[in-house]
Amino acid sequence: MRIVIGSAGRRVYLVRWFQQALRAAGIEGEVIVMENDPNAPSVAVADRFVRMPRYETQQYRQRLLTALAELQPRLFFSLNDYELTALATGLADEIRAMGIIVPTLTAVKHRGCADKYATWQMLTGMGLKTPKTALVSDTIGVEQVLSEGSDVIVKDRWGSGSSGLQRLSRHEFKYWLLQTAHDPSTLVVQPAIEGHEYGVDIVCPLEGGVVAGVLARRKLAMRGGETSVCQTIDPAEFFDLAETLAAALGPQGLIDVDIMRTASGENYVLDINPRFGGGYPFNHLAGADIPGYYIASLSGHTNPTPWCQYRHGYTAVKHEDVVGFESLAQHPIPNQPHTPELHL
């Protein structure tokens, strides 16, 4: 069985966990990494590496289709938001026509997650609580946001990994607005919601269906736009929210959701990522095993282990590590300069 992970970047642990899941199931297989950067850490532990053009280039689409046709994996998934956007344009359907499972949302639902302004529109349409969101170019909308609190959050409209995120007071925001060189239509502003932030993984079958499991954790610290310290918690209080989101989005596999809970117990959905997020490892270390669930599903067996059960109140911390490997021959991709890119 072959599993292909696109844009695996630094996520060495995820490659290893899929390798372990194959071994635990007694299945002979490979975990293959597709990356633009041959020096990405995940390349060091992958069973095989396929160098790819960057997802925004003209060569990407055909190169991906050709490589996957040759490899014939059972599963291909990406860990990069922008690559997921490329897949959502119909490319994922072309790959599925080869008999390969590709966990993505439909184009419309994906845009509702990738575009932070569309996320607000989508979530309010579902009747879920989410911070009022306005394009920075929308003068009336900005004034409505400023009227809702003393501080605001500014971030990239199509951002990833907390790109462009700033917390500003109303006074600071107005000064920043006069100074910024960014196109205001590419930025959004929201009132800052006070409370505790949580990460929730909603897991559905790889080919779609009702919620199969929910994982949850409380975020204790962030670094570089990614959660660095978490404590696992009982996910029961998020079941209703998970079912509402899953029914509306129709996800395949895992989606990662960021939630802010206020002192009064209201849950505000902040962000939705239709992929493995940076918070999954905390639940995995506490006993959850989504790679094991995926492998069992792909092999046509019911997973014999309670893959979505884990210890509650378990704290885990991310730290630096180093992996090494023999230098790979770096053959440039035709018509494309080498521009290393590591994905968090």
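These are my notebook entries on a predicted model, taken element by element.

**Entry 1. The parallel sheet**

I began with the strands near the start of the chain. I found an open sheet of four strands in the order 3-2-1-4, with parallel pairing. I then asked which strands stand at the edges of this sheet. They are strand 3 (48-51) and strand 4 (75-78), and each has a single partner strand, so one side of each is left without a neighbour in the sheet. I noted the turn between neighbouring strands of this sheet as 20° on average, direction ignored.

I looked up one pairing in detail. Strand 1 (residues 2-6) and strand 4 run parallel and are joined by four bridges. For Val4, I found Phe76 as the bridge partner in strand 4.

Helix 1 (residues 12-24) came next. I saw that helix 1 lies across strand 1, strand 2 (30-35) and strand 4. Its direction is at about 160° to strand 2.

**Entry 2. Helix 2 and what covers it**

I listed the buried residues of helix 2 (residues 58-71). They are Tyr60, Leu64, Leu65, Ala67, Leu68 and Leu71. What covers these buried residues? I found that the cover includes strand 1, strand 2, strand 3, strand 4 and helix 3. I also checked the residue just after helix 2, where Gln72 takes a positive phi of about 50°.

**Entry 3. Helix 2 against helix 3**

I noted for myself that two packed helices are described by the angle between their axes and the distance between the axes. For helix 2 and helix 3 (residues 81-96), the axes come within 11 Å and cross at roughly 50°. That angle makes helix 2 oblique to helix 3. I recorded the crossing of helix 2 and helix 3 as right-handed.

I then wrote down the residues that meet. From helix 2 they are Tyr60, Arg61, Leu64, Leu65 and Leu68. From helix 3 they are Glu83, Ala86, Leu87, Thr89, Gly90, Leu91, Glu94 and Ile95. By class, I have eight nonpolar, two polar and three charged residues in this contact. Tyr60, Leu64, Leu65 and Leu68 appear both here and among the buried residues of helix 2.

**Entry 4. Helix 3 against helix 4**

I moved on to helix 4 (residues 107-114), which packs on helix 3 at an angle of about 155°, with the axes 9 Å apart. Is helix 3 roughly parallel or roughly antiparallel to helix 4? The angle makes helix 3 roughly antiparallel to helix 4. The crossing of helix 3 and helix 4 is left-handed. Asp81, Leu84, Thr85 and Ala88 of helix 3 meet Ala107, His110 and Ala114 of helix 4. I sorted the residues of this contact into four nonpolar, two polar and one charged.

**Entry 5. The antiparallel sheet and Asp151**

Further along I found an open sheet of four strands in the order 5-8-6-7, with antiparallel pairing. Strand 5 (134-135) and strand 7 (166-169) are at its edges, each with a single partner strand, so one side of each lacks a neighbour in the sheet. Strand 6 (residues 151-156) is joined to strand 7 by four bridges, and the two run antiparallel. Ile153 has Arg167 as its bridge partner in strand 7.

I picked Asp151, which lies in strand 6. Asp151 counts as partly exposed, at 22% relative accessibility. Not counting residues up to four places away in sequence, Asp151 touches Arg167, Leu168, Ser169, Gln190, Pro191 and Ala192. I also took the separation of Asp151 and Thr232, which is 81 residues in sequence and 29 Å in space, C-alpha to C-alpha.

**Entry 6. Strand 9 and Ser228**

Is strand 9 (residues 196-203) largely enclosed or left open? I found six of its eight residues buried, so strand 9 is largely enclosed by the rest of the structure. Eight bridges join strand 9 to strand 12 (residues 254-261), and these strands run antiparallel. Gly199 stands opposite Asp258 in strand 12. Six bridges join strand 9 to strand 10 (residues 213-223), also antiparallel. There, Leu215 is the bridge partner of Asp201.

My last check was Ser228 in strand 11 (residues 226-233). Ser228 has a relative accessible area of 9% and is buried. Leaving aside neighbours within four places in sequence, I listed its contacts as Ala221, Met222, Arg223, Phe282, Ala316, Val317 and Lys318.

Note on methods:
Residues numbered from 1 in each chain as written. Predicted model: local features only at pLDDT ≥ 70, side-chain atom pairs only at ≥ 80, totals over all residues. Heavy atoms only, no water. Axes fitted to C-alpha atoms, helices over the stretch in contact; angles between N-to-C directions. Parallel < 35°, antiparallel > 145°, perpendicular 65-115°, else oblique. Left-handed = near helix turned anticlockwise from the far one by under 90°. Contact = heavy atoms within 4.5 Å. Nonpolar A, V, L, I, M, F, W, Y, C, P; charged D, E, K, R; others polar. Buried < 20%, exposed > 50% of the residue type's maximum accessible area, 1.4 Å probe, protein only. Pairing = 2+ DSSP bridges.
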